[in-house]
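I set out to record what could be looked up in this structure, entry by entry. The notes follow the order in which I consulted it.

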Amino acid sequence: FSWNYLWKYHRTFSMLEDSIGYICPDKLSKEEIPEISNGLKKTRGLIIDLRYYPSQDFVDFIFKYILPNSTIKVAQYTYPLLTLPGVFVVGNQTYRVSDNDKYNAPIVVLVNEGNQSAAETSVQVIQCNPNTQTIGSQSAGANGNISEFILPRGILGAFSGLGWYYPDGWVVNRQGVKIDHEIRPTLEGIRDGRDEMLEAALRLIEEKTEEE
């Protein structure tokens, strides 16, 4: 598969070789969700490409069809208590998920430096599904809210005002999301117009389904 193919035939949901689904989340809308959920029933594996920044409707989609049915603790965060300088408060990002039929075939999530902020939270949510593997290279490590400030001469600056973590304490800030298999593009692959991450995702799903 080549980048040229994906850009030319850019779709929210595609069926790749031999019944493997592919979701590109940047333009996913709620009107497409019923069609995608029906399409997922015909797949034996799913690739979610979070090298693209997800739409808000994609977040709703993964809560409904990917996250297991239960109360899920997805992340922890810390923030400063402004009335007591030096004191930080710990909060939990927890979701109560409605009972729906959830996707139970292998899932592979693709990440790289373009995966940041809400896209990193999306990865953490999908990883709560035990069938998930995450591949690629380090994400931006830029999760949390946006705290803005004005420098002299009116220059706008911003930083994340929250510390962001996995439930086990893994730090996302500056480090990125957890990755199961590190895969980076090679010069040869770029010259040939190949998407080596996507190729690796297809191989992982093939291996997983062969084991079963």
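**Entry 1: Asparagine 143**

I began with the surroundings of asparagine 143: leaving aside neighbours within four places in sequence, asparagine 143 is in contact with Ser117, Ala118, Glu120, Thr121, Gln124, Ser160, Leu162, Trp164, Val172 and Asn173. I note at the outset that the model is a predicted one. Asparagine 143 lies in the loop between strand S7 (132-136) and strand S8 (146-151). I then asked whether asparagine 143 is buried or exposed. With a relative accessible area of 3%, asparagine 143 is buried, because the limit for that class is under 20%.

**Entry 2: Two residues with positive phi**

Serine 117, one of the contacts of asparagine 143, was looked up next. I found a positive phi of about 55° for serine 117, which is not a glycine. Serine 117 sits in the loop between strand S6 (107-111) and H4. Arginine 153 is also not a glycine, and I read a positive phi of about 70° for it. I placed arginine 153 in the loop between S8 and strand S9 (155-160). At 87% relative accessibility, arginine 153 counts as exposed. I recorded both values because most residues other than glycine have a negative phi.

**Entry 3: Helix H3**

Which residues of helix H3 (residues 56-65) are buried? I listed Phe58, Val59, Phe61, Ile62, Phe63 and Tyr65. I then looked up what the buried residues of H3 pack against. The partners are strand S2 (20-23), helix H2 (33-40), strand S3 (45-49), strand S5 (88-96) and helix H4 (118-126).

**Entry 4: Proline 68**

Moving on from H3, I located proline 68 in the loop between H3 and strand S4 (71-80). Proline 68 counts as partly exposed, at 22% relative accessibility. Not counting residues up to four places away in sequence, proline 68 touches Val97, Lys102, Cys128, Asn129 and Pro130. I also checked proline 68 against isoleucine 48: they are 20 residues apart along the chain, and their C-alpha atoms are separated by 17 Å.

**Entry 5: Lysine 41**

I found lysine 41 in the loop between H2 and S3. Lysine 41 is exposed, with a relative accessible area of 68%. Lysine 41 and tyrosine 103 are 62 residues apart in sequence, and I read a C-alpha to C-alpha distance of 8.2 Å for this pair.

**Entry 6: Salt bridges**

How many salt bridges does the count come to? I obtained seven salt bridges. Side chains of opposite charge can pair when their charged atoms come close.

I examined the salt bridge between aspartate 49 and arginine 51, where the closest N and O atoms are 2.8 Å apart. Aspartate 49 is buried, at a relative accessible area of 0%. Arginine 51 is buried as well, at 11%. I noted further that Asp49, Arg51 and Asp195 are linked in a network of salt bridges.

Arginine 184 forms a salt bridge with glutamate 182, and the closest N and O atoms are 2.8 Å apart. Here I found arginine 184 partly exposed at 48% relative accessibility, while glutamate 182 counts as exposed at 58%.

I also looked up arginine 194 and glutamate 199, whose side chains meet in a salt bridge (2.8 Å, N to O). Arginine 194 is partly exposed, with a relative accessible area of 32%. Glutamate 199 counts as buried, at 17% relative accessibility.

**Entry 7: The chain as a whole**

I closed with values for the whole chain. The chain has six helices and eleven strands. For 212 residues, a compact globule would have a radius of gyration near 17 Å, and the 18 Å of the chain agrees with this. I read the box filled by the C-alpha atoms as roughly 60 × 45 × 35 Å, taken along the principal axes.

Buried residues make up 46% of the 212 residues. Among contacts between residues at least 6 apart in sequence, 69% join residues at least 24 apart. The accessible surface comes to about 11500 Å², and 52% of this surface belongs to carbon and sulfur atoms. Last, I compared the charges: the mean positions of the 20 positive and 27 negative charges are 4 Å apart.

Definitions and conventions: Residues are numbered from 1 along each chain as its sequence is written. This is a predicted model: local features need pLDDT of at least 70, side-chain atom pairs count only at pLDDT 80 or more; totals for chains, interfaces and linings use all residues. Side-chain values use heavy atoms; hydrogens and water are left out. Helices (H or I, at least four residues) and strands (E, at least two) are DSSP runs, numbered from the N terminus. The radius of gyration is taken over C-alpha atoms; the globule rule is 2.2 Å times the number of residues to the power 0.38. Buried means under 20% relative accessible area, exposed over 50%, partly exposed in between (1.4 Å probe, protein chains only). Contact means heavy atoms within 4.5 Å. Accessible areas come from the Shrake-Rupley method with a 1.4 Å probe; for residues, only the protein chains shown count as cover. Lys and Arg count as positive and Asp and Glu as negative; His and the chain ends are not counted. The place of a charge is taken as NZ of Lys, CZ of Arg, CG of Asp or CD of Glu. A salt bridge is a side-chain nitrogen of Lys or Arg within 4 Å of a carboxyl oxygen of Asp or Glu.
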